[in-house]
Amino acid sequence: MNVLGLLSAGGRWRCFPFLLESSLFQTLRNSCCRKKTTAPKKIIPHVDFSDENTKESGKALDKLFSSEQQASILHVLNTASNKELEAFRLLRGRKSINIVEHREKFGPFQNLESLMNVPLFRYKTTLKVCKSILSPETGGKKKKLPENQLLRKLIKPEVGRERLKAVNSIVSIVSGTRRIAWAHLDRKLAVLDWQQNECCQLMKGTYPSSVYLEEISSVISKMPKADFYVLEKTGPSVQNSSLFPVLLHFHIVEAMLYALLNKTFAQDGQHQVLSMNRNAVGKHFELMIGDTRTSGKEIVKQLLSESVLKEEPRVFFPPDKIVRYRQLFSSTEQYRAEELYDSLLQAVAFYELAVFNTES
């Protein structure tokens, strides 16, 4: 992550008093403002990918599969139930549900290209799914190595697939310069707990260890027990020495969370705390503009609305808690509480990328 990405991570400025009056900060701020004004121009054509990208992808799919093969694949997509689709390993989890929902709303799939209109499906995913439908065993074997490589890039330290398959709940934690937020989700993507804790004094003074220990211990004492505690992975080191206090803060918080969580919730001497790649989460929700991740506020707002309006929402907020969570969200709209939004999105991405995609 570059300097701009560190300062504006998640679409928010992580500002500090010693940077506000510096020429470096003003230069970076002006650069960020120029990016924000041009961002809509980059996003608009991406939303309308059905006109250009899908046409090219559709032609590529047509060349890869014969008419008989396409008919076989479409027959499965248009007639198989949710449980029958889950027989294909690549369609387990949310993908099979999305196929059925799209089919019920828009009718049968007319061609392979139309599968890319389903959420979580892009060209590469569609191609692999089509191959696995034609040759389930072969498709499964070819998936293993790339999948392991993906997991190694996604989460650290390495964790066995069997443990991932057995996950019942996780706590996703994201820290900033002024607050730490966490979301507790079960494997049905039901939000069991979601809150944030202000830690304003951590960036003040000379970084006394006792203050960090007191603040972070207090936050951990409020967290529930879970199978894994997923931390947002700290970005790479920066060259500019004036930003060293920022980077130091993130490393101290990450190290203390890692040590204290493992000590508090240790089970059989195994890792309970994982770090998750921030940009991988951003790409999963299409929040990346170049190397910069934009705000996840609107996606979280949509998830809250869908929980009320849809019978089977992507994320489920329990009826007895939805009012409190919506009030929590509303209270943050006047200022950017990206840690709160990111903690929820990170939890959803963990399940969809690391848990559902590794079930066998």
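Colleague: Before we start, what is a nonpolar core?

Modeller: A nonpolar core is a set of buried Ala, Val, Leu, Ile, Met, Phe, Trp, Tyr and Cys residues that are joined through side-chain atoms within 4.5 Å. Please keep in mind that the model we are looking at is predicted.

Colleague: Okay, so which residues touch the most other members in the largest one?

Modeller: The largest nonpolar core has 43 residues, and those that touch the most other members are Leu185, Trp194, Met276, Phe317, Leu344 and Phe350. Several elements each supply at least two residues of this core, including helix H9 (136-154), strand S3 (179-186), strand S4 (191-198) and helix H14 (297-309). The largest share, 12 residues, comes from H16.

Colleague: And what is Leu344 in contact with?

Modeller: If we leave aside its neighbours within four places in sequence, Leu344 is in contact with Ala183, Leu185, Val191, Trp194, Val300, Leu303 and Phe317. Apart from this core lies another, of 23 residues, and among them are Leu61, Ile73, Ala80 and Leu112.

Colleague: Switching to H7, how many residues does it have, and how far does it reach?

Modeller: Helix H7 covers residues 94-106, which makes 13 residues, and it reaches 18 Å from its first C-alpha to its last, close to the 18 Å expected at 1.5 Å a residue. After H7 comes Gly107, whose phi is positive, near 95°.

Colleague: Which residues in H7 are buried, and what covers them?

Modeller: The buried residues in H7 are Arg94, Lys95, Ser96, Asn98, Ile99, Val100, His102 and Arg103. The cover over the buried residues of H7 includes helix H5 (67-79), helix H6 (82-85), helix H8 (123-134) and helix H16 (338-355).

Colleague: What's the volume of the second largest pocket, and which residues are closest to its centre?

Modeller: The second largest pocket has a volume of about 350 Å³. It is lined by 15 residues, of which Arg94, Ile97, Arg187, Lys188 and Leu189 are the closest to its centre. By type, the lining divides into six nonpolar residues, one polar and eight charged.

Colleague: One more residue: is Glu306 buried or exposed?

Modeller: Glu306, which is found in helix H14, counts as buried because its relative accessible area is 16%, and buried means under 20%. Not counting residues up to four places away in sequence, Glu306 touches Pro313 and Arg314.

Colleague: And for the whole chain, how many helices and strands are there?

Modeller: The chain has 16 helices and eight strands, and of its 360 residues, 48% count as buried.

Note on methods
Residues are numbered from 1 along each chain as its sequence is written. This is a predicted model: local features need pLDDT of at least 70, side-chain atom pairs count only at pLDDT 80 or more; totals for chains, interfaces and linings use all residues. Side-chain values use heavy atoms; hydrogens and water are left out. On a 1 Å grid over the protein atoms alone, a cavity is a set of points where a 1.4 Å probe fits but cannot get out, and a pocket is an open set with protein on both sides within 12 Å along at least five of seven lines; lining residues have an atom within 4 Å of a point. Grid points are joined across faces, edges and corners, and a volume is the space filled by probe spheres set on the points. Ala, Val, Leu, Ile, Met, Phe, Trp, Tyr, Cys and Pro count as nonpolar, Asp, Glu, Lys and Arg as charged, and the others, Gly among them, as polar. Helices (H or I, at least four residues) and strands (E, at least two) are DSSP runs, numbered from the N terminus. The expected span of a helix is 1.5 Å times one less than its number of residues. Buried means under 20% relative accessible area, exposed over 50%, partly exposed in between (1.4 Å probe, protein chains only). Contact means heavy atoms within 4.5 Å.
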